[in-house]
Amino acid sequence: MAKIEKIELRMVDLVPKVKRTDAIQSFVSQETPIVTITDSDGATGTGYSYTIGTGGSSVMRLLRDHLAPRIIGQDADRIEAIWHDLEFFTHATTIGAITAIAIAAIDTALWDLRAKKQGLPLWKLAGGARDRCPLYTTEGGWLHIETQALVDDALAAQAQGFTGSKVKIGKPHGSEDLGRLEAVRKAVGPGYEIMTDANQGFRLDEAIRRADRLRDVDLAWIEEPLAADDIDGHTRLSASTATPIAVGESLYSIRHFREYMQKGACSIVQVDVGRIGGITPWLKVAHAAEAFDIPVCPHFLMELHVSLACAVQNGKYVEYIPQLDEITGARMRIENGHALAPDAPGIGIDWDWDEVKRRSIPEFDTVIVKE
């Protein structure tokens, strides 16, 4: 039994490669908490999570002051027990983003450690359903981008073999969204998927109206059309349109996903490791979705989600948004528009530790050791 002997905490603040805007916000910074766990055998595992620019300092304080010290001395292979202990320990602050983001970094580090010690890549350890997964791109579809640029990006992605492109919606009038999407559809033809994302920007009446207006574009889905906690609204919307409704980016509990699926309030699940609290609950949501015959198309974190989407039978797409290039060596491999599952043991991320340490914010650097 190898016990946890040391935990290193860092946070790196990454600037997105392109300007990112949607119906309610701009994504100008990616705070990236990084947790490295060393066990009594000397083996290490590294996990991470993210914010879109706020709350990173709170995540780091929660890790430093409460979560990391609690798991020192515990059996590193008891991942399920550790996850539930941390969730209960923080029950007064869950369910919520700050706690989920913090637990996610620890949980992912433990899975990385386990996979490395067993000599397996995560996608095999967690199920091994396939060794590659289709990609769709979001980087060229942000809300501020002009229509012709949307078209050009979609055509370029199509030429590279990508399965689809996501276009943000939420312009002041529905005719603007419709015009942009019609232009992309005309350019790419009927055999290429167009995903859309409203980022919780609509009320129910407007969501129903726009879904009806967009039906002839043949969308792969409408993502987060309403406030994420409005399950009844999503149920009514799903019943009113043939276009699939996608949720999950802003859900922080497996029970929230259960309610959505039970009520028929979604037909695409976009569970996010960083938001749900790690790989442990991510797999539970994915397997529950399979029972409902619902595909999993995880949000963001492509460098990690490629392994998880490949691990489960119902993993359908990986979302292409590069986010770790500045602090990693080898990139996620892409072949004919598919993301290839990593071969190396662990979660498959090749950290450039010199660059991580150079970019690390000193006030958050912490080492916690077993006394």
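**Salt bridges and ring contacts in the predicted model**

D177, E206, R209 and R210 are joined up in a network of salt bridges. This is a predicted model, and a search through the whole structure turns up 25 salt bridges. A few of the individual pairs are worth walking through.

Take K166 and E223, whose closest N and O atoms sit 2.6 Å apart in a salt bridge. K166 belongs to strand β7 (residues 164-168) and E223 to strand β9, so this pair ties together parts that are 57 residues apart in sequence. Both ends are out of the solvent's way by the numbers: K166 has a relative accessible area of 2%, which makes it buried, and E223 comes in at 0%, so it counts as buried too.

R215 and D212 give another picture. Their salt bridge has its closest N and O atoms 3.0 Å apart. Here R215, at 48% relative accessibility, counts as partly exposed, and D212 does as well, at 46%.

The bridge between R359 and E355 stays inside one helix. Its closest N and O atoms are 2.8 Å apart, and the two residues both lie in α13 (residues 353-359), four residues apart, or about one turn of the helix. R359 is partly exposed, with a relative accessible area of 29%. What about E355, buried or exposed? At 18% relative accessibility E355 falls under the 20% cut-off, so it counts as buried.

On to the rings. The structure holds seven aromatic pairs. In one of them, Y50 and F300 meet edge-to-face, with 4.9 Å from centre to centre and 70° between the planes. Both partners come from loops: Y50 from the one between β5 (44-48) and α1 (56-71), F300 from the one between α11 (279-291) and α12 (302-311). That makes it a link between distant parts of the chain, 250 residues apart. Y50 is buried, and F300 is buried as well.

Y136 and W221 also form an edge-to-face pair, at 5.4 Å centre to centre and with 85° between the planes. Y136 sits in strand β6 (residues 132-137) and W221 in strand β9 (residues 221-223), so the contact ties together parts that are 85 residues apart in sequence. Both of these residues are buried. Strand β9 thus turns up twice, since W221 lies in it and so does E223, the salt-bridge partner of K166. Elsewhere, ring pairs gather Y48, W351 and W353 into a cluster.

Rings also pair up with charges. The charged end of R70 sits over the ring of F89, 4.1 Å from the ring centre. R114 does the like with W111, its charged end lying over that ring at 5.2 Å from the centre.

Finally, there is helix α11, which comes just ahead of the loop that carries F300. With 13 residues at 1.5 Å a residue, α11 should span 18 Å, and its end C-alpha atoms are 19 Å apart, which agrees. Which residues of α11 are buried? They are I279, T280, P281, W282, L283, V285, A286 and A289. After the helix comes D293, whose phi is positive, near 60°.

Conventions. Residues numbered from 1 in each chain as written. Predicted model: local features only at pLDDT ≥ 70, side-chain atom pairs only at ≥ 80, totals over all residues. Heavy atoms only, no water. Phe/Tyr/Trp six-rings, centres within 6.5 Å; stacked < 30°, edge-to-face > 60°. Buried < 20%, exposed > 50% of the residue type's maximum accessible area, 1.4 Å probe, protein only. Lys NZ or Arg CZ within 6 Å of the ring centre and 35° of its normal. Expected span 1.5 Å × (residues − 1). Salt bridge = Lys/Arg side-chain N within 4 Å of Asp/Glu carboxyl O.
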